[in-house]
Amino acid sequence: MLELSMLIGEGKSRKVYQHPIDPQKVIKVEYLKAKHFKPNNEVEYLYYAYLKKKNKDLSCVAKCYGWVETKEGRGLVFEKICNEDGTLAKTLREAIAHNELTFEEADGLICELIEYLKKNTIMFVDVSLDNIVLRKNASHNTLVIIDGLGSRRMRLKFKMYLLFPSFAQYKIKKQTQKLYRKFKQLTCKAKK
Ligand SMILES: Nc1ncnc2c1ncn2[C@@H]1O[C@H](COP(=O)(O)OP(=O)(O)OP(=O)(O)O)[C@@H](O)[C@H]1O
Ligand SMILES: [Mg+2]
């Protein structure tokens, strides 16, 4: 059983630890006592397996490696997203707040990500700017989704999205419009 000691991030539903054996990976453990418990790990695991089976381009999504038992409970292992220099990638919200990219560059990257989601029919439902990180690379920066794929809950509607891609495309259109609005609101605030 793995012992987790280095916390590298935290959201409303999960704690994110450095993998104790593999420095390229993180382990996400759910707060089982969270007030509004959401089965994020379960849904993301199933959705990632579905995308892989469908041979989708997963270049803008953190890779998912499956389950491990830890002293904090069952955890899901993901690729740790780092910059080219090895430092941990910042969330898009942090990168904008710290002026790590120009508004024009951020706009271009978010539009690229939206095109990628539409082209590959990938559902990004929890469209928070904290669920996207900026991977800095000397030749080309990219955005990577680290949370919020698939569905918020395991409902019949989610199964319908998987069965009917045109239905999923409609949802993707709505969610990406919401993402772009959130991005614009943040950049307008940051410009003031
Ligand atoms: N694969 C990753 N690589 C690098 N950093 C990560 C990764 N996954 C998560 N993080 C960091 O940990 C933070 C929390 O992770 P995550 O968004 O998965 O938690 P959550 O509880 O599911 O979030 P939410 O509050 O949106 O439900 C992120 O904002 C990010 O800073
Ligand atoms: Mg999150």
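How many Å separate the centres of domain 1 and domain 2, taken over C-alpha atoms? The answer is 18 Å. Before going on, I should say that this is a predicted model.

Let me start with the two domains. The domain assignment of the protein chain gives domain 1 as residues 7–79 and domain 2 as residues 90–191. Where they touch, domain 1 contributes 14 residues and domain 2 contributes 16. On the domain 1 side of that contact, eight residues are nonpolar, one is polar and five are charged.

Next, the ligand. Where does ligand 1 lie with respect to the domains? Both domain 1 and domain 2 give residues to the shell around ligand 1, so it lies between them. That shell has 25 residues, and the ones that come nearest are Gly9, Gly11, Lys12, Arg14 and Asp147. Sorted by class, the shell around ligand 1 holds nine nonpolar, seven polar and nine charged residues. Four strands each supply at least two residues of the shell: β1 (7–10), β2 (14–18), β3 (25–30) and β5 (73–79).

Two of those strands, β3 and β5, also pair with each other. They do so in the antiparallel sense, over five bridges. If you want one pair to look for, take Lys28, whose bridge partner in β5 is Leu76. Strand β5 pairs with β4 (residues 64–70) as well, again antiparallel, and here there are six bridges. One example is Glu69, with Arg74 as its bridge partner in β5. β4 and β5 form a hairpin, and two residues sit between them.

After β5 comes a loop that leads to β6, and Cys82 lies in this loop. Is Cys82 buried, exposed or partly exposed? It has 15 C-beta neighbours inside 10 Å, so it counts as partly exposed. For reference, buried would need 20 or more such neighbours, and exposed would need 12 or fewer. Setting aside residues within four places in sequence, Cys82 is in contact with Thr87, Leu88 and Ala89. We can also compare Cys82 with Ile27 in strand β3. The two are 55 residues apart in sequence, and their C-alpha atoms are 15 Å apart in space.

Now the other sheet I want to show. This is an open sheet of three strands, in the order β6-β7-β8, with antiparallel pairing. Its edge strands are β6 (90–91) and β8 (142–145), each of which pairs on one side only. Between β6 and β7 (residues 132–135) there are two bridges. Lys90, for instance, has Leu134 in β7 as its bridge partner.

Last, the nonpolar core. In soluble globular proteins, nonpolar side chains tend to be buried together. In this model the largest nonpolar core has 42 residues. Which residues have the most contacts inside it? They are Leu92, Ile110, Phe124, Val133, Leu143 and Ile145. Helix α3, residues 103–119, gives the most to this core, with six residues. Domain 1 and domain 2 both give residues to this core, so it lies between them.

Leu143 is a good residue to click on. Not counting residues up to four places away in sequence, Leu143 touches Cys60, Leu92, Leu109, Ile110, Leu113, Ile132 and Leu134.

To sum up, ligand 1 lies between domain 1 and domain 2, and the largest nonpolar core also lies between them.

Notes:
Residues are numbered from 1 along each chain as its sequence is written. Chains are lettered from A and ligands numbered from 1 in the order in which they are written. This is a predicted model: local features need pLDDT of at least 70, side-chain atom pairs count only at pLDDT 80 or more; totals for chains, interfaces and linings use all residues. A residue is near a molecule or strand if its C-beta atom, placed from the backbone, lies within 6 Å of it. Ala, Val, Leu, Ile, Met, Phe, Trp, Tyr, Cys and Pro count as nonpolar, Asp, Glu, Lys and Arg as charged, and the others, Gly among them, as polar. Domain bounds come from an automatic or database domain assignment. Two residues are in contact if their C-beta atoms, placed from the backbone, lie within 7 Å. Two strands pair if DSSP finds at least two bridges between them. A nonpolar core is a set of buried Ala, Val, Leu, Ile, Met, Phe, Trp, Tyr and Cys residues joined through C-beta atoms within 7 Å.
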